[in-house]
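Before this structure goes any further, here are some notes for a colleague who will want to look at the coordinates alongside the text. Please read them with the structure open.

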Amino acid sequence: MDVTPNSGEAIGASPAPHEAYVNAPDLRREMHRILALGAERDGRQPGPVTGHLVDATTAERAWLLRRAALMDRMALDDPGPGPVTAAADTAEQLVLYDRRHPDLVVGPYHPDAIPLAPSHRLYVRQEYAAWTAAGRPRT
């Protein structure tokens, strides 16, 4: 479905948090995985931590998506200004990356199709739900 970027139609299309994160690892486990992926990404740990070889662009996107989803989940648990800002910031980083690599978007809507939301957290939920529906993460 093609959505006009400024129509706001896609806002309701994003899954609810409990649906988007139904298959997500618990927060503590996911935090450890993201730290390990970040250490691999920065060269502080040999890799791949993911257990299978992927290209650098895909690995970077997976790290950004998992980190943004983790921050979104943490902000849902504690909706204070710190967690909400962190969730919005990491969501924006994913959006910027996906704009440069649109072929990696797995959900039905491009990041610019959800512009009226207060942050891109709805986009993170869409992408995480589609990513896990495709059988990821494997670890």
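The numbered points below go from the overall fold to the core and then to two residues of one helix.

1. To begin with the status of the coordinates, this is a predicted model, and the remarks that follow should be read as remarks about that model.

2. The secondary structure of the protein chain comes to 5 helices and 0 strands, and, read from the N terminus, the order of its elements is α-α-α-α-α. Among contacts in the protein chain with a separation of 6 or more, 66% are between residues 24 or more positions apart.

3. On burial and surface, 45% of the 139 residues of the protein chain count as buried. The area that the protein chain exposes is about 7400 Å², and carbon and sulfur atoms supply 55% of that area.

4. The largest nonpolar core has 23 residues, and those with the most contacts inside it are Tyr21, Leu94, Val124 and Tyr128. At least two residues of this core come from each of helix H2 (27-41), helix H3 (56-77), helix H4 (81-100) and helix H5 (121-133), with H3 giving the largest share, 7 residues. As general background, nonpolar side chains tend to be buried together in soluble globular proteins.

5. Is Arg125, a residue of helix H5, buried or exposed? Arg125 counts as buried because its relative accessible area is 10%, which is under the 20% cut-off. The side chain of Arg125 makes a polar contact with the side chain of Asp72, at 2.7 Å. Leaving aside residues up to four places away in sequence, Arg125 touches Ser14, Pro15, Pro17, Ala20, Tyr21, Asp72 and Leu76. Asp72 thus appears both as the polar partner of Arg125 and in its list of contacts, while Tyr21, also in that list, is one of the residues with the most contacts inside the largest nonpolar core.

6. Gln126 also lies in helix H5, and with a relative accessible area of 5% Gln126 is buried. Which backbone atom does the side chain of Gln126 reach? The side chain of Gln126 comes to 2.8 Å from the backbone oxygen of Tyr109. Gln126 and Ser14 are 112 residues apart in sequence, yet their C-alpha atoms are 5.2 Å apart in space. Ser14 is also among the residues that Arg125 touches, and a reader checking this part of the model may therefore wish to view Arg125, which is buried at 10% relative accessible area, together with Gln126, which is buried at 5%.

Notes
Residues are numbered from 1 along each chain as its sequence is written. This is a predicted model: local features need pLDDT of at least 70, side-chain atom pairs count only at pLDDT 80 or more; totals for chains, interfaces and linings use all residues. Side-chain values use heavy atoms; hydrogens and water are left out. Helices (H or I, at least four residues) and strands (E, at least two) are DSSP runs, numbered from the N terminus. Buried means under 20% relative accessible area, exposed over 50%, partly exposed in between (1.4 Å probe, protein chains only). Contact means heavy atoms within 4.5 Å. Accessible areas come from the Shrake-Rupley method with a 1.4 Å probe; for residues, only the protein chains shown count as cover. A nonpolar core is a set of buried Ala, Val, Leu, Ile, Met, Phe, Trp, Tyr and Cys residues joined through side-chain atoms within 4.5 Å. A polar contact is a pair of N or O atoms within 3.5 Å; within protein, one must be able to donate a hydrogen and the other to accept it, and residues adjacent in sequence count only if both atoms are side-chain atoms.
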